[in-house]
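Open the model in a viewer and keep the sequence panel visible. The tour below goes from the whole chain to single residue pairs.

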Amino acid sequence: MKEVVKIALAGFGTVGTGLVKILMENKDWIKRRTGKEIIVSQILVKNLNKPRPIIPQSEPIFTNNVDEFLQNKDWDILVELIGGLELPYQIISKAILFGKHVVTANKALLAIKGKELLQLANAKNVGLYFEASVGGGIPIVQTLKESLCANKVTSISGILNGTANYILTEMSQQGLSFDLALKQAQEKGYAEADPALDIDGIDAAHKLVILIFLAYGEIYPFEKLWIKGIKQVDLLDINFAKELGYILKLIAQVQRESNGLRAGVFPAFFPNNHILSKVDGAFNAILVQGNATGPVVLCGQGAGDLPTGSSVLADIISLIKHNSQINNTGFKDDPFQQAKCLDFMDWECKHYFRFQVKDKPGVLSSLSGVMGEYNISIAQAIQKTQTKTKQGVPIVFLSHRAKLKQVTAAINKINEFDFILEPTIHYPIIE
Ligand SMILES: NC(=O)c1ccc[n+]([C@@H]2O[C@H](COP(=O)([O-])OP(=O)(O)OC[C@H]3O[C@@H](n4cnc5c(N)ncnc54)[C@H](OP(=O)(O)O)[C@@H]3O)[C@@H](O)[C@H]2O)c1
């Protein structure tokens, strides 16, 4: 590459600004790492009149016209930091067809269109790098692609959404309701005005698809993931979890089994001494089980201008340093195999149940009867005292291992009893 590397920056919001800040603050350091000067030569934004907190010294051309942005090809690397699907897809595929390297943080696009774009990039022998798409400042993409490549990965468990983790942490530590914790997350800038992607588990699911691809070289269709969000989480269950020595987290998980992959995103109880239980607030963490390394945990800031900008810049530097040795997928042979997706309902684990019931004789034996009918063995049954916020009394069961389909069938039957006052709450327990 030339002595001066020019970046075409599509999107100059949170992450774009972070990237420019680091480029300016660490200019000499980056020159020492790469031997090159990296400048931003043009920037695509939506609103040309918006005040910008920082402007690159290179005095880039600003435009809000996509055609104009793409027409001028006097740049080396496209950095896409717009978000969304259609426009980024259009810009990235055009840049690849021009024979340019691309860096993006766009997990939604990669989860849905990653295979197509990576095939195109491989065919054109250009880089399509995406370190910032999972875990913000955590270097998990490079770790799976390079550092752990000698391992067969048996499982990955991750806290991949900082907003959801912040909400659950505030509920657990400050005793806030879900609504109050969400409001607080929005006030602090962790959650969007429309937080659906975060609290419905969709954002974590996008990231999980990317991790599966990197760990196994397999495409796991997004729509085949089992996804449950945290909207229904009740403070009562968070408090019972605490009493019982657990903590509730939104987890993204994939497990390799002999006949395929089982993957999903869902809230689950973690024992207090589990390493992911210690990950609080807006932090992310990823636990990778390698068959040679055993457990490897990466933890850090999963979002924010500078952490995410750092990962974007790492990709740019990597493309500059290893320009002729592009490694988009981490696999030489057949990187895009179709994953064999196993039904999550066949997953076996321990379970937490809360039944909100009328306080009358015979309830406990009816509940236990249905559990027995579906072969679910109860490890612990606790009748709690009435709470101020709810009608009736809560009964909590912890079960031994059972398949999710047994549990679902049992809950469906139990919910039909006339003594049940609210739909039964259930969470898998991670061991
Ligand atoms: N924020 C994070 O911490 C974080 C972490 C990891 C990954 N990501 C990913 O990084 C990407 C960028 O996120 P962000 O938080 O930086 O987003 P953002 O703050 O909303 O910035 C988006 C940028 O794109 C521009 N833009 C939007 N629509 C456009 C259009 N139609 N034409 C031209 N420009 C357009 C906006 O222009 P204006 O400035 O004129 O509005 C803005 O500069 C997303 O894919 C996101 O998922 C973000």
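What follows is a list of selections, each with a short note on what is there.

**Whole chain**

Start with everything shown as a cartoon, and keep in mind that this is a predicted model. The chain holds 14 helices and 18 strands. Its radius of gyration is 24 Å, close to the 22 Å that the globule rule gives for 431 residues, so the chain is as compact as a globular protein of that length. Turn the view along the principal axes: the C-alpha trace spans about 80 × 45 × 35 Å. If you colour by burial, 42% of the 431 residues count as buried. Among contacts with a separation of 6 or more, 74% are between residues 24 or more positions apart.

**Three domains**

Next, colour by domain. Domain 1 is made of two segments, 4–136 and 307–337, while domain 2 covers 140–301 and domain 3 covers 344–429. Hide domain 1 for a moment and look at the other two, whose C-alpha centres lie 25 Å apart. Their contact takes 14 residues from domain 2 and twelve residues from domain 3.

Which elements give two or more residues to the side of domain 2 that touches domain 3? Select helix H11 (235–243), strand S10 (246–257) and strand S11 (260–271). S11 gives the most to this side, with six residues. By type, the residues on this side of domain 2 divide into ten nonpolar, one polar and three charged.

**Strand S10 and its partners**

Stay in domain 2 and select S10 alone. Is S10 mostly covered or mostly open? Ten of its twelve residues are buried, which leaves the strand mostly covered.

Now add S11. The two strands form a hairpin with two residues between them. They run antiparallel and are joined by twelve bridges. For one pair to display as sticks, pick leucine 248 and phenylalanine 269, the latter in S11; these two stand opposite each other.

Then add strand S7 (residues 153–159). S7 also pairs with S10 in the antiparallel sense, over four bridges. Here the residues to pick are isoleucine 156 and its bridge partner in S10, valine 254.

**Helix H10**

Select residues 202–216, which make up helix H10. This helix has 15 residues. A distance drawn from its first C-alpha to its last reaches 21 Å, close to the 21 Å expected at 1.5 Å a residue. H10 is mostly covered, with 14 of its 15 residues buried. Step one selection further along the chain: just after H10, glycine 217 takes a positive phi of about 65°.

**Strands of domain 3**

Finish in domain 3, which runs over 344–429. Select strand S17 (residues 393–403) and then strand S15 (residues 348–357); the two pair in the antiparallel sense over nine bridges. Valine 357 has valine 393, in S17, as its bridge partner.

Add strand S16 (residues 378–383). S16 and S17 run antiparallel, joined by five bridges. Which residue of S17 stands opposite isoleucine 382? Pick valine 396.

With S15, S16 and S17 all on screen, both sets of bridges to S17 can be viewed together: nine with S15 and five with S16.

Definitions and conventions
Residues are numbered from 1 along each chain as its sequence is written. This is a predicted model: local features need pLDDT of at least 70, side-chain atom pairs count only at pLDDT 80 or more; totals for chains, interfaces and linings use all residues. Domain bounds come from an automatic or database domain assignment. Two residues are in contact if their C-beta atoms, placed from the backbone, lie within 7 Å. Ala, Val, Leu, Ile, Met, Phe, Trp, Tyr, Cys and Pro count as nonpolar, Asp, Glu, Lys and Arg as charged, and the others, Gly among them, as polar. The radius of gyration is taken over C-alpha atoms; the globule rule is 2.2 Å times the number of residues to the power 0.38. A residue is buried if 20 or more other C-beta atoms lie within 10 Å of its own, exposed if 12 or fewer, and partly exposed in between; C-beta atoms are placed from the backbone. Two strands pair if DSSP finds at least two bridges between them. The expected span of a helix is 1.5 Å times one less than its number of residues.
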